[in-house]
Amino acid sequence: MESRVSSSSETAHQTLQKSAPKSSPSSVNRLWRPAAQRNMKNQWSKLNSLRQEWASSSSAARSHATSLVNAYLSQRFMKDMELGVLSDMPDIQKKACWKLLKQQVVHRDNLLSSYKEMVGTVVNMVNTSMSLRCFLKGGINSPLIQFSNSSNDTNDNGDGGGMPVFIFWSISAFEKLASELVQMFKLELNLKRLLVIEFLSLRSKEDSIIEKLCWSDELYQGEFDDLSRCDLDCREASESASTKLDGFVSENIKQPNCQPDSDVLQIYLTAWLTDVNIDKKRVEDIFSEVGEEMHVNLVS
Amino acid sequence: MEATVKKYQQKFKKVKDDMDRWDDLHARLLSQFRNASSIIGRLQLLDDPKNYGFLKDIDNVKDLIFGKQMESLQMIMLSMNKTLEELNIIILSLAKTYRDAKQQLKGGSIQFSTKQLNYRIGVKPSIADCLEGLRLLHEMHQSEYLLKSSVISALAGLALNPSVNDLQAFERLLVDQPNIPKEEVQSVYDVIFAEEIC
């Protein structure tokens, strides 16, 4: 809220300046700061809402994955189930299995679409974390002084010559924190992708509809484009892809074909829940530090 | 005397508010307990490297997941203790209501005889009914609070030595609130507000 108010007042300030005649370099420097501040506040509040987006799609995905696992396990153990009076009904097991299979298809679709949202969120995070700089638009001699967060001048590196944006920190200090933050989410996305592949590959021996997926399969149309935008490329041989995960050993991809049992699946779901690569406390610290520097409250 | 009874009925309305708050906190404590108990139930599973499937190839994954779960467990334990503290505030408030009621009787300008204390006008409760009701409600909640605190502290011990049966028994105990029988609470209110029922 606070950032909205201040940014609108700065917009007014900016339009006022637009009508001013030719500008000297010093006035450019003077005007750079409010523009950079506005941009910085906007991008960080965007990062803040993106992390909430991540949390909600991640928990939605987890509940889809849980339903999927439950339907899968029920189907698998259907044969051994005591059906009591129901066993007199013709084909009851077959019908139940068929129904559970159909449910799994629904849950798989849901899981996949939540995963897709998560990828989208991380892509947005990466883009946002790289838009913290503030560039002069149209060159020094243009009659209007305008700023943007994309560069079209190679001489301008958008950091205002390293001067503090608010109180102490330069642009690159902000960038460092943003990239530390985004890195955690990227690693976690990588792990979640492995888990998604495991969940989507669940199938009982009888049905051949579901194919075993592997790391280098594209899970949805356009996934690889999205992933390459966050430097996670899966098209390469599985070995090199997996090394991108911290401390990941490559052989894991060549998995035996056996299906994981319920204990393992429960661990997978727990692993999903715990967000191992995201240090929650550090994330909170980053947002509160940045918020303090910008005089905006990002942590509620 | 009627005025005194009326004042006491007001107190029962206040106690009702306290009990409503108690119910909210009870529900909160229960959901916190369930979260904690599902983590504790998982700990043994998490302890066995065989259960990690493809994850076992990631360095430290067991420690990471285990550590994160312990962290969440700790957080939940802390918030359960906070909930207990809030429950204790309700106990204090119930105790105060009862104490005030007794004080008023002793310190008031009119001294009632035992006969007067037990005197009922129509369906209205006697002063003794009111006092006994307030005492009973406080006592029930007090004992339930003690039960809840001991369940929660025993839960911490279970984390070291998980047993599914114990977890389930604890949960039943929390859900049931054996020290606060609903019918008894209702019958106290039926006596105090008999005129409103008629």
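Two exercises with worked solutions follow, on the interface of chains A and B and on one residue of chain B.

This is a predicted model, in which local features need pLDDT of at least 70, side-chain atom pairs count only at pLDDT 80 or more, and totals for chains, interfaces and linings use all residues. Residues are numbered from 1 along each chain as its sequence is written, chains are lettered from A in the order in which they are written, and side-chain values use heavy atoms, without hydrogens and water.

**Exercise 1.** Describe the interface between chain A and chain B.

*Solution.*
1. In contact (heavy atoms within 4.5 Å) are 25 residues of chain A and 16 residues of chain B.
2. The two chains bury about 1,700 Å² between them, with 71% of it on carbon and sulfur atoms; buried area is the accessible area (1.4 Å probe) lost by two parts on being put together, summed over both.
3. Helices α4 (171–200) and α7 (262–274) of chain A are the elements giving two or more residues to the side that touches chain B; helices are DSSP runs (H or I, at least four residues) numbered from the N terminus.
4. The largest share of this side of chain A, nine residues, comes from α7(A).
5. By class, the residues on the side of chain A that touches chain B are 13 nonpolar, six polar and six charged; Ala, Val, Leu, Ile, Met, Phe, Trp, Tyr, Cys and Pro count as nonpolar, Asp, Glu, Lys and Arg as charged, and the others, Gly among them, as polar.

**Exercise 2.** Place Gln142(B) and classify its exposure.

*Solution.*
1. Gln142(B) lies in helix α4 (residues 127–160) of chain B.
2. Gln142(B) is partly exposed because its relative accessibility is 31%, where buried means under 20% relative accessible area, exposed over 50%, and partly exposed in between (1.4 Å probe, protein chains only).
3. From Lys102(B), Gln142(B) is 40 residues away in sequence and 18 Å away in space, C-alpha to C-alpha.
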